[in-house]
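Here is a short report on a protein model. Look at the sequence and structure first, then read on.

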Amino acid sequence: MTETTRIVTVESWRDGMNDRIRSYCIAGLASFLGACAGEDPPPTPLDVVVVPARESHFPIYGNYVAVTQPSQDVEVRARVDGFVEAIEYQEGSYVSAGDPLYRIDDRPYVAKIDRLQANLASEIAQLRKSERDVERLRPLYAENAASQLDLDTAVAAMEQSQAGVAAIEAELAEAQLDLEFTRVTAPIDGLVGARNVDIGGLVGSSGQSLLTTVKQIDPMYVEFRMTALDYLNAQRRRQSVRERQEADEEGRAVEGWVSITLPDDSTYAYRGDIAFTEPEVNIETGTFAVRAVVPNPNRVLLPGQYTRARLELDEIQNAVSVDEKSIRIEQGGSYVMVVLPDDTVEQRFIVLGPQSGDSVVVRSGLSGGERIIVEGMHRVRHGQRVTALSKAEYEQRKEALLQEAAQQTAGEP
């Protein structure tokens, strides 16, 4: 390349760069002048839904996996041998104590009672004769008209007859019990299970003994395991509540301290109290069995049902709490978006405490009453200006915008 060619190339590159710089300057100046002239107005503040941070007494609960058990589980067994003549209940139904369940063929037992009654009548007749013999010999013995041996023999015969009558009466009472046992009834109130024998089946010691079961479900037992520390905290909390309510002038009764969650995650209407605790802690798990008694008048709870038991262990005074859905977590920690008094957004890092349901305690970084964004967090950033609305206000504004859009659509040709 000659010297002349090199000079032309450098000059061309320099001219191109000057043109490019001038274009950038003109574009920047035009943008600046347009902004000054008001062509690009500031963006409209976004609507967000806020709720104030709550400041109140915050209870701390212990949650445990629990299983419901009947308060009584009675096996109904045949006490006498025989063949089943009738089944007088509906499987799975609710029965009351004394309701008939089974009827066993009673003819052998009726015949036995008839035989024993005849034997009893014979023994009673023999006893009366012996009594008359003694009555006749005693005055004769007093007059030396009868020997001592004759009197002793008559007295012994009378006593033997008395013993014979007593023995037959005992056999007769036993036979009458056997006859009663041919009518099998419900021993308690509860739900009766499936039958284990059909009509015509042999039951008793020579056949099927277990006929069915009856489970008492009111009240219901709720069994779960908890740590010794949780149980100690729960007892202390319970005692403090009792003392506070005893000091209350109204004298309100203390409610049960165990609440139950149903399979649909709703809270059971009745609360229970702990009635039994295992006497020792399992050294492998550090827990022990606990049994609560819960009323079940409407039969909502069924035996063998898994549920969750909850006990109040402690309470934090004047705790600041927020909804769980307002919290975001990143590598730097947990934070919430706070709307300041000037309606600007601040990303506030906080220290979290215990949680109960959807509420989480904030140990530091937040004060009660501050406005926390719960809807619209993903659309705002730190320092941005927003319009803070309550949930009701936000729904009203959205409804108004939808109606306005519908009216505009209806007015188009």
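## The second largest pocket

In this predicted model, the second largest pocket holds about 210 Å³ of space. Its lining is made up of 13 residues. V76, R77, R79, V184 and T185 are the closest of these to the pocket centre.

Three elements give two or more residues to this lining: β2, α3 (148–181) and β6 (183–185). β2 gives the most, with four residues. By class, the lining has seven nonpolar residues, five charged and one polar.

## The largest nonpolar core

The largest nonpolar core has 23 residues. Within this core, seven names stand out: V222, F224, M226, V258, I260, I274 and L311 touch the most other members.

Several elements each supply at least two residues of this core. The strands are β2 (54–77), β9 (210–227), β10 (258–261), β12 (287–294) and β13 (306–323). The helix is α4 (228–247). β9 gives the most to the core, with five residues. β2 serves twice: it supplies at least two residues of this core, and it also helps line the second largest pocket.

## Around I260

Take I260, one of the residues that touch the most other core members. Leaving aside residues up to four places away in sequence, I260 touches V222, S266, T267, Y268, V294, T307, R308 and A309. V222 is itself among the core residues that touch the most other members.

## A second core

Another core lies apart from the largest one. This core has 18 residues. Among them are V84, Y89, L101 and Y102.

Methods:
Residues are numbered from 1 along each chain as its sequence is written. This is a predicted model: local features need pLDDT of at least 70, side-chain atom pairs count only at pLDDT 80 or more; totals for chains, interfaces and linings use all residues. Side-chain values use heavy atoms; hydrogens and water are left out. A nonpolar core is a set of buried Ala, Val, Leu, Ile, Met, Phe, Trp, Tyr and Cys residues joined through side-chain atoms within 4.5 Å. Buried means under 20% relative accessible area, exposed over 50%, partly exposed in between (1.4 Å probe, protein chains only). Contact means heavy atoms within 4.5 Å. On a 1 Å grid over the protein atoms alone, a cavity is a set of points where a 1.4 Å probe fits but cannot get out, and a pocket is an open set with protein on both sides within 12 Å along at least five of seven lines; lining residues have an atom within 4 Å of a point. Grid points are joined across faces, edges and corners, and a volume is the space filled by probe spheres set on the points. Ala, Val, Leu, Ile, Met, Phe, Trp, Tyr, Cys and Pro count as nonpolar, Asp, Glu, Lys and Arg as charged, and the others, Gly among them, as polar.
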